[in-house]
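Visitor: I would like a close look at a single residue in this model and at what lies around it, and after that a walk through some other parts worth comparing with it. Please take your time over the local detail.

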Amino acid sequence: MPDFGASELDTFRAEARAWLEANFPPSLKRGAGAPADPEAAQKPSADAELWRRRMGEKGWGTPTWPTEYGGGGLTPAEARVLRDEMERIGAYNPIGGMGVGMFGPTLLEYGNDEQLRRHIPPIVKGELRWCQGFSEPGAGSDLASLQTRAEDKGDHFLVNGQKIWTSGAHLADWCFCLVRTDPKAKKHEGISFLLIDMKTPGVEPRPIRLINDTTPFCETFFTDVRAPKENLVGPLNGGWTIAKRLLQFERQGIGSAQRAGQGPGVLSGPPVNELAKTYVGVDESGRLADADLRRRITLHLMEAQAHALTGERIALEAKSNRGPSATSSIMKNAGTMIRKERAELAVEILGHQGVGWGGEDFSDYEINAMRVMLRSKSGTIAGGSQEVQNNIIAKRILGLPDTTHST
Ligand SMILES: Cc1cc2nc3c(=O)[nH]c(=O)nc-3n(C[C@H](O)[C@H](O)[C@H](O)COP(=O)(O)OP(=O)(O)OC[C@H]3O[C@@H](n4cnc5c(N)ncnc54)[C@H](O)[C@@H]3O)c2cc1C
């Protein structure tokens, strides 16, 4: 077992506990009306703003990022202690979004010093929102077929094309984008990773209105958009490698067990076994009356526990901050399936009470369960579909013959 320096960790735990108790506004404690998903809060309360500022200044929203750019500079073990201490008092991390989960860690690996100094501190402080301009109408699973062009015009690139499913583009300040810079090269070798300021003339995000009246994503059009050369990350035509790395960070986030209690597509509240006792009933020995449901719930809880423990083991065994690998595809598939299963079980357990969309006949939990059940299905598509992850697992982990170009 690695030695984590128990006494140093104890000292850090005491320091973290004292700081959190002095700085976390009690009104935001989970269950006291705080949003489960900080990203979902369009108009944060004054306390939520204060909490974001304090965590941003401390760097603890990005606990393991280098202090040089404002991050917390903590070891992975210290970051886990911080997470435990936040959980203990019902606190949440107010710094999130694609900047933290996807773009920031990628830039830390591939960005130059000027790009890091410019873009990392606002992410650490939660001041700017980023969106992901990868998918196009003709390029989803086959992402390398993307057609958005960026032409070299000396001191800038001129970008023309269309992205789709750009989550939060209408609210974002910046977009990390894949663009084609060499149309003559093989498709994987003519792509670059370019940063586009969403306020640049010619950038037009058009929100897609869904059947449930929300607009989580957009079609994003680029018409003669000028992106300065300094916004190119990594080498020209070297964007594919960077995109694959970013997708590993994305999949790690989507598949993480910590997400089990937070965010859209995740059902918080009582565990399904407790829910079933309330809604379905128990037999004379106190067990769930429905034997088939009991078996399925047990299987689900075992899978969820195995997934959470595997996630913990991966984190503990990581000797450095090297971040995720192709195994993020396994964790993504497992995590999203478990979340989907949980939400489906909950709706089944609720019976008639699980089919409401709104109205006073249904509790907030019951309405949420139905919405989360529908939303949970998207997790197996976003960040690369389940089948595409299976292809990656087959090729990169099992070493089976390559029949596709999986991202
Ligand atoms: C909630 C949500 C948020 C998203 N946010 C963003 C975002 O912010 N930015 C962004 O760029 N994109 C985003 N996406 C898009 C997402 O990355 C794509 O939907 C995904 O990569 C699949 O592409 P597609 O929708 O074009 O499906 P297709 O690629 O058309 O796939 C259709 C079906 O064919 C299967 N399939 C395709 N190729 C293969 C293969 N080689 N082997 C086996 N099966 C295959 C797929 O598994 C799928 O079932 C988001 C998607 C969702 C659901």
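Guide: Let us begin with Ile367, which is found in helix 10, the helix of residues 364–376; the model in which we look at this residue is a predicted one. Ile367 has a relative accessible area of 13% and, because buried means under 20%, counts as buried. Leaving aside its neighbours within four places in sequence, Ile367 is in contact with Gly356, Trp357, Gly358, Gly359 and Phe362. For one of these partners, Trp357, there is also a backbone distance to give: the C-alpha atoms of Ile367 and Trp357 are separated by 5.5 Å, although the two residues are 10 places apart along the chain.

A second buried side chain, this one with polar contacts, is that of Gln115, whose place is in helix 5, residues 113–124. Gln115 has a relative accessibility of 5% and so counts as buried. The side chain of Gln115 reaches the backbone oxygen of Leu232 at 2.7 Å, and a polar atom of that side chain lies 3.0 Å from the backbone oxygen of Glu230. Not counting residues up to four places away in sequence, Gln115 touches Leu107, Ile120, Glu230, Asn231, Leu232 and Val233.

Helix 3, residues 76–88, can be examined as a whole element. At 1.5 Å a residue its 13 residues should span 18 Å, and the C-alpha atoms at its ends are indeed 18 Å apart, so the expected and the modelled values agree. The buried residues in helix 3 are Ala77, Glu78, Ala79, Arg80, Val81, Leu82, Glu85 and Met86, and the packing partners of these buried residues are helix 1 (6–23), helix 2 (46–58) and helix 8 (291–317). Just after helix 3, Gly90 takes a positive phi of about 75°.

Positive phi values also occur away from glycine here. Most residues other than glycine have a negative phi, which is why the next two positions deserve a comment. Asp224, in strand 7 (residues 217–228), has a positive phi of about 45° although it is not a glycine, and at 47% relative accessibility Asp224 counts as partly exposed. Asn237, found in the loop between strand 8 (232–233) and helix 6 (239–255), is likewise not a glycine and has a positive phi of about 65°; Asn237 counts as partly exposed at 23% relative accessibility.

There remains the ligand. Of the 18 residues around the ligand, Ser135, Ser141, Trp165, Ser385 and Glu387 come nearest. An oxygen atom of the ligand is 2.5 Å from an N or O atom in the side chain of Ser385, a nitrogen atom of the ligand is 2.8 Å from an N or O atom in the side chain of Ser167, and a nitrogen atom of the ligand is 3.0 Å from a polar backbone atom of Trp165. Taken alone the ligand exposes 970 Å², of which the protein buries 65%. Strand 3 (156–167) and helix 11 (386–397) each supply at least two residues of the shell around the ligand, and the largest share, three residues, comes from strand 3. By residue class, the shell divides into six nonpolar, 11 polar and one charged.

How values were computed. Residues are numbered from 1 along each chain as its sequence is written. This is a predicted model: local features need pLDDT of at least 70, side-chain atom pairs count only at pLDDT 80 or more; totals for chains, interfaces and linings use all residues. Side-chain values use heavy atoms; hydrogens and water are left out. Helices (H or I, at least four residues) and strands (E, at least two) are DSSP runs, numbered from the N terminus. The expected span of a helix is 1.5 Å times one less than its number of residues. Buried means under 20% relative accessible area, exposed over 50%, partly exposed in between (1.4 Å probe, protein chains only). Contact means heavy atoms within 4.5 Å. A residue is near a molecule or strand if one of its heavy atoms lies within 4 Å of it. A polar contact is a pair of N or O atoms within 3.5 Å; within protein, one must be able to donate a hydrogen and the other to accept it, and residues adjacent in sequence count only if both atoms are side-chain atoms. Accessible areas come from the Shrake-Rupley method with a 1.4 Å probe; for residues, only the protein chains shown count as cover. Ala, Val, Leu, Ile, Met, Phe, Trp, Tyr, Cys and Pro count as nonpolar, Asp, Glu, Lys and Arg as charged, and the others, Gly among them, as polar.
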